[in-house]
Amino acid sequence: MTAEKAEILGPAVAVIGSGPSGCYTAQALRKALPGAEITVFEALPVPYGLVRYGVAADHQGTKAVAAQFDRMFTRSGITFVGNTRIGVDIPSEAIAEAFDVVVVATGLTRDRRLSIPQDPDARVIGAGRILRSLNAFPDAAATAEATATEPLGSELIVVGHGNVAIDVVRLLTKPAEQLHGSDIHDEALASLRSRPPTAVHVVGRSAADAAKFDVAMLRELCALDNLRFAVEGLDPSTSGPVADLLRQTVSTDQLDTSATTAVTLHFQTVPRAVRTERGHTVLDVVGPTGTPASYSADSVITAIGFCHDGDGFDGCEDTSSAWDGDHVYRVGWLERGGRGNIAENRKHALQTAKSIVERLNGGRHRREHGAGLAAVLPYLRHRTSFDGWQAIDDVERRTAGPHRCRRKITDLDEMVAIAHGRSVNDDL
């Protein structure tokens, strides 16, 4: 599509959600449509969603993508509208009417539950809740299903063989001094674990060569010298990077008696039920040979993916039914069912942007510039701007304690006050 034609079309584009999928889509649309008006809406006062609150706090290299999005907002004429919940502060219908293109990139907010019988008294917690807690997700935005604050205990079971499972195991077992340079929420870490657990079972139905975690993630975990590894369900005939790494690690650990946490990875192991017994939570499984087994723990942590639920705090009502019209697009986890890392969601965002441009070029959407942001300004009484985010970012970095890259603010009122250049006490 030529720049001349894009400027003639001049569409008004709304992107709902400022996580990586939303930002990558906005970035691609700006490049293809230099004459477009592009507005990115975010429920929280601060941008970047999954990057800020989902990526593990000790993976600052991954979080560094936020700098790229900062440049997009400061240099590309894309407008950030924070502290604005679509479906609450602005009706969905108003957005759909005002904008020629609507891109819904709200992500997925709820941990997928195990589809097996569960005792209601069992201690079962979603991995997403733990990661959000350790990433200082705002207090007022957190529902009971959004964060976790109660102690997990000294014996844990993690169900799942993906990167999220590895993230949780690493963060809950990593020595405090090895978290230097992170932006972990120290209060949440102290609440969830007063000290690293003594035993962790990582249970999944896949074989070692079919596990979904990246080898690099497993290698990072295996490198922690306070962990001692054991493996169950690793077929002797299985080869490849994962199997080779685990065999080497287990062999080395047999010579080391200084480890404080025992981590056992169970492959080809299928969960069957979660029950309670003598004050403990018990996971019943069927092992690789069809033999039943049971593992007892203080908490079971599920890391089996995410799903959408309109009751969660995602800044938007249930988007499976809230939007109608061929000018509405879904991108990222909302469209892909929680699958894929940031790089894969970037690819999907670029594909979605290309589809939008092609349809605009083919006359599938309105050819006259919609009213856009100007039409919804009356609803934006409490919005935060990108300048406001930069003020919050500056405070978080300046007030970071020793060995931390930032101290995330968890109070929404404090965020908004800083964004508007005033003290939170000014509203009292």
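**View 1. Strand E14 with its parallel neighbour E7.** Strand E7 (residues 155-159) runs parallel to E14, and 4 bridges join them; two strands count as paired if DSSP finds at least two bridges between them. Look for valine 158, whose bridge partner in E14 is isoleucine 301. Helices (H or I, at least four residues) and strands (E, at least two) are DSSP runs, numbered from the N terminus. Keep in mind that this is a predicted model: local features need pLDDT of at least 70, side-chain atom pairs count only at pLDDT 80 or more, and totals for chains, interfaces and linings use all residues. Residues are numbered from 1 along each chain as its sequence is written, and side-chain values use heavy atoms, with hydrogens and water left out.

**View 2. E14 with strand E6, and where the side chains go.** E6 (residues 124-126) pairs with E14 in the parallel sense over 3 bridges, with valine 124 matched to valine 300. In a regular strand, side chains alternate between the two faces of the sheet. Along E14 (residues 299-302), Ser299 and Ile301 point one way, Val300 and Thr302 the other, and all are buried (under 20% relative accessible area, 1.4 Å probe, protein chains only).

**View 3. Helix H7, tucked in.** Helix H7 (residues 127-134) has 8 of its 8 residues buried, so the rest of the structure largely encloses it. Among them are Arg129 and Arg132.

**View 4. Two non-glycines with positive phi.** Alanine 136, just after H7, has a phi of about 60 degrees and sits in the loop between H7 and E7. At 1% relative accessibility, alanine 136 is buried. Histidine 403 takes a positive phi of about 70 degrees, in the loop between helix H15 (386-398) and helix H16 (412-419).

Key:
Buried < 20%, exposed > 50% of the residue type's maximum accessible area, 1.4 Å probe, protein only.
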